[in-house]
Amino acid sequence: MRVMRVYVGLGSNLGDREQTLRAAVIRLSASPRVEVLGVSSLRETDPVGPIANQPRFLNGVVALETSLSPRELLDRLLEIEAEFGRTREGPPGGPRTLDLDLLLYGDERIDEPGLRVPHPRLHERSFVLEPLEELGWTPSGQGYTEFP
């Protein structure tokens with residue numbers, strides 16, 4: 001089995017945000033074939049996207065090693081979101097109890113229905129780039145999130 005270094009974005013803007021993010025990391029670490037290597041500091045951020053009138057987010061990034069495929073990992077992230085009450089009702093970008101985004105899966109580029117890696121807006125979001133840098137990640141070059 002191939003083990004990959006993976007980075008997952010953490011976000012929450014409903015309920016006890018910090019407790020939710022910390023509990024989600026624990027759930028990730030309890031997942032088979034997933035090892036948590038590090039968690040960035042958490043930072044408060046303004047909402048980004050079409051719905052500006054909502055509570056502020058608490059964001060961070062977790063570094064993992066996993067032998068799960070990208071799709072298997074995405075499925076696990078979605079399961080954990082659901083365990084914490086995340087629903088997909090309402091407009092995209094709205095308030096949420098938990099948001100787990102697969103940001104990077106090694107150096108792989110994936111463009112499939114429902115799964116794009118690197119995350120397509122990674123380069124636009126300091127609330128992701130700063131925690132990634134804190135965890136030791138540096139971009140491999142200009143255009144690291146662009147797809148052909």
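A strand here is a DSSP run of E, at least two residues, and strands are numbered from the N terminus. Ser12 is found in one of them, strand β1. The model is predicted.

Start at Ser12. With a relative accessible area of 0%, Ser12 is buried, because buried means under 20%. The side chain of Ser12 reaches the backbone oxygen of Thr97, at 2.6 Å. Thr97 also appears among the residues that Ser12 touches. Others in that set are Arg17, Thr20, Leu21, Arg56, Phe57, Leu58 and Arg96, once residues up to four places away in sequence are not counted.

Move on to Asn13. This residue sits in the loop between β1 and α1. Is Asn13 buried or exposed? Its relative accessibility is 3%, so Asn13 counts as buried. The Asn13 side chain makes a polar contact with the side chain of Gln54, at 2.9 Å. A polar atom of the Asn13 side chain also lies 2.9 Å from the backbone oxygen of Pro55. Leave aside neighbours within four places in sequence, and the contacts of Asn13 are Gln54, Pro55, Arg56, Phe57, Pro95 and Arg96. Look back at Ser12: Arg56, Phe57 and Arg96 are among the residues it touches.

Now follow the charged side chains. How many salt bridges does a search of the whole structure find? The search finds 15. Take Glu65 and Arg5. Their side chains meet in a salt bridge, 3.7 Å from N to O. This pair links distant parts of the chain, with Glu65 in strand β4 and Arg5 in strand β1, 60 residues apart. Glu65 is partly exposed, at 28% relative accessible area. Arg5 is partly exposed as well, at 39%.

Another salt bridge joins the side chains of Glu130 and Arg43, at 3.6 Å from N to O. This pair, too, links distant parts of the chain: Glu130 belongs to helix α3 (residues 126-134), Arg43 to strand β3 (residues 43-45), and 87 residues separate them. Glu130 is partly exposed, at 43%. Arg43, at 19%, counts as buried, because the cut-off for buried is under 20%.

Asp99 and Arg96 form a further bridge between side chains, at 3.3 Å from N to O. Here Asp99 is buried, with a relative accessible area of 12%. Arg96 counts as buried too, at 14% relative accessibility. Salt bridges can also join into a network, as they do for Arg17, Glu44, Asp46 and Arg56. Two members of that network, Arg17 and Arg56, are among the residues that Ser12 touches.

Finish with helix α2. How far apart are the end C-alpha atoms of α2 (residues 70-83)? They are 20 Å apart. At 1.5 Å a residue, the 14 residues should span 20 Å, so the model agrees with the expected span. Which residues of α2 are buried? They are Pro70, Leu73, Leu74, Arg76, Leu77, Ile80 and Glu81. Seen down the helix axis, these buried residues fall within an arc of 160 degrees, so they line one face of α2. That set of residues packs against two parts already met, β1 (4-12) and β4 (57-66). It also packs against α1 (17-29), β5 (99-105), β6 (110-112) and β7 (115-117). After α2 comes Gly85, whose phi is positive, near 85 degrees.

Definitions and conventions:
Residues numbered from 1 in each chain as written. Predicted model: local features only at pLDDT ≥ 70, side-chain atom pairs only at ≥ 80, totals over all residues. Heavy atoms only, no water. Helix = DSSP H or I, 4+ residues; strand = E, 2+ residues; numbered from the N terminus. Expected span 1.5 Å × (residues − 1). Buried < 20%, exposed > 50% of the residue type's maximum accessible area, 1.4 Å probe, protein only. Arc of directions from axis to C-beta. Contact = heavy atoms within 4.5 Å. Salt bridge = Lys/Arg side-chain N within 4 Å of Asp/Glu carboxyl O. Polar contact = N/O pair within 3.5 Å; in protein donor to acceptor, adjacent residues only side chain to side chain.
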